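User: Hi! Could you walk me through a model with me asking as we go? Here it comes.

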Number of protein chains: 2
Amino acid sequence: MNPRLTHFYAGLEGTWCIREIRKIKGPSLPDAERLLITDSNGNLDGKWLLRGVRSNSRYTSAEEKAQLELRQEGLGRSTSTFAVLIPIKKTEEWWLLSQDQRREIFEEQSKHTSVGLNYLPAIARRLYHCRDLSTDEPFDFLTWFEFSPDHERDFDELLVHLRTSREWDFVEREVDIRLQR
Amino acid sequence: MNPRLTHFYAGLEGTWCIREIRKIKGPSLPDAERLLITDSNGNLDGKWLLRGVRSNSRYTSAEEKAQLELRQEGLGRSTSTFAVLIPIKKTEEWWLLSQDQRREIFEEQSKHTSVGLNYLPAIARRLYHCRDLSTDEPFDFLTWFEFSPDHERDFDELLVHLRTSREWDFVEREVDIRLQR
């Protein structure tokens with residue numbers, strides 16, 4: 001087991017109650033009652049299972065990283081009773097781009113990090129990578145967001161920014177899973 | 001199974017005969033007779049097994065990519081009867097650097113791509129990533145090189161360039177496995 005690997009089981013167990021699964025682009029995921037997040041690789045039954053590893057950052061510059069670290073707060077705040085899990089798959093075209101081309105689209109054109117910074121510390125965020133796992137995964141990334149219920153409108157505004165960006169032209173599948181503790 | 005995943009089994013089978021296993025930094029790998037390279041996840045016995053996925057490039061710019069594609073030749077050339085497998089693990093410090101800091105060390109300070117370009121097309125190369133596999137792997141990358149026996153001296157010269165570079169200050173484990181078809 002990779003110690004940075006996290007499993008997301010949708011089924012009958014877990015701290016997080018699934019409020020709604022929204023199909024954004026491509027096939028959605030089956031409905032389920034609860035989401036269990038665990039490091040262990042137990043034999044859990046579930047409607048679906050997603051997995052991802054926490055890894056090094058791929059686009060963030062040193063200056064952006066310093067700003068993020070200054071403003072962001074961790075997961076698990078007592079007020080963060082709402083969460084959203086967004087699995088995303090990008091097109092083959094995206095993955096064939098060079099690093100500088102992807103960075104240009106990600107930040108210079110789409111302002112992914114700088115727009116996200118405006119929503120800190122309210123919206124806490126953690127990224128998990130799936131594309132390079134040993135198994136063939138349905139998504140390339142899973143992003144986990146946590147916030148208090150009165151920030152859901154801000155969160156939706158952030159999503160509008162991202163989903164209308166140039167970067168999102170390279171998204172071929174996206175599901176939006178709303179949760180509550 | 002991830003279709004981009006490749007397995008390297010060291011044991012009694014395989015096209016490649018292991019000439020020598022050289023300990024460069026950190027623990028080496030046990031001696032074995034042959035190396036089997038396969039996409040399939042069979043139940044093969046082996047002295048050791050390494051795995052990696054082919055993935056998107058992490059540091060190469062569009063201009064460098066164009067130069068590489070212009071000059072490089074594929075694996076499997078009939079004259080390429082020598083190969084070298086180099087598994088590498090980098091330090092935690094490396095992985096905590098931001099993307100621009102890693103790129104600066106990789107190319108601007110260490111000339112990783114531009115030095116490698118000088119050895120094309122003689123030295124063919126393929127990179128496999130291990131760090132983000134589901135299992136905890138002993139190495140972060142595996143690099144596979146192929147060339148004709150009369151280019152082994154050039155290959156060793158390339159290694160001197162890389163191993164004395166700033167980037168190699170972040171290498172904590174490296175093994176050099178020499179093979180022959």
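User: In chain A, what share of contacts between residues at least 6 apart in sequence join residues at least 24 apart?
Analyst: That share is 77% in this predicted model.

User: And how many helices and strands does chain A have?
Analyst: Chain A has 5 helices and 8 strands. Along the sequence, their pattern is β-β-β-β-α-β-α-α-α-β-β-α-β.

User: Is it as compact as a globular protein of that length, and why? What would the globule rule give?
Analyst: The globule rule gives 16 Å for 181 residues, and the radius of gyration of chain A is 16 Å, so chain A is as compact as a globular protein of that length. Its C-alpha atoms fill a box of roughly 40 × 35 × 30 Å along the principal axes.

User: What percentage of chain A is buried?
Analyst: Buried residues account for 29% of the 181.

User: Switching to the pair: how is chain A laid on chain B?
Analyst: A turn of 180 degrees with a shift of 0.0 Å along the axis does it, with an RMSD of 0.0 Å. That relation is a two-fold axis. In chain A, Leu133(A) comes closest to the rotation axis, its C-alpha being at 2.1 Å.

User: Nice. How many residues are in contact across the two chains?
Analyst: There are 26 residues of chain A in contact with 26 of chain B. Strand S4 (48-53), helix H1 (62-71) and helix H3 (99-109) of chain A each supply at least two residues of the side that touches chain B. The largest share, 3 residues, comes from H3(A).

User: What's the mix of nonpolar, polar and charged on that side of chain A?
Analyst: That side has 8 nonpolar, 12 polar and 6 charged residues.

How values were computed. Residues numbered from 1 in each chain as written. Chains lettered and ligands numbered in written order. Predicted model: local features only at pLDDT ≥ 70, side-chain atom pairs only at ≥ 80, totals over all residues. Contact = placed C-beta atoms within 7 Å. Helix = DSSP H or I, 4+ residues; strand = E, 2+ residues; numbered from the N terminus. Nonpolar A, V, L, I, M, F, W, Y, C, P; charged D, E, K, R; others polar. Least-squares fit on C-alpha atoms with pLDDT ≥ 70 in both. Rg over C-alpha atoms; globule rule 2.2 N^0.38 Å. Buried ≥ 20, exposed ≤ 12 C-beta atoms within 10 Å, placed from the backbone.
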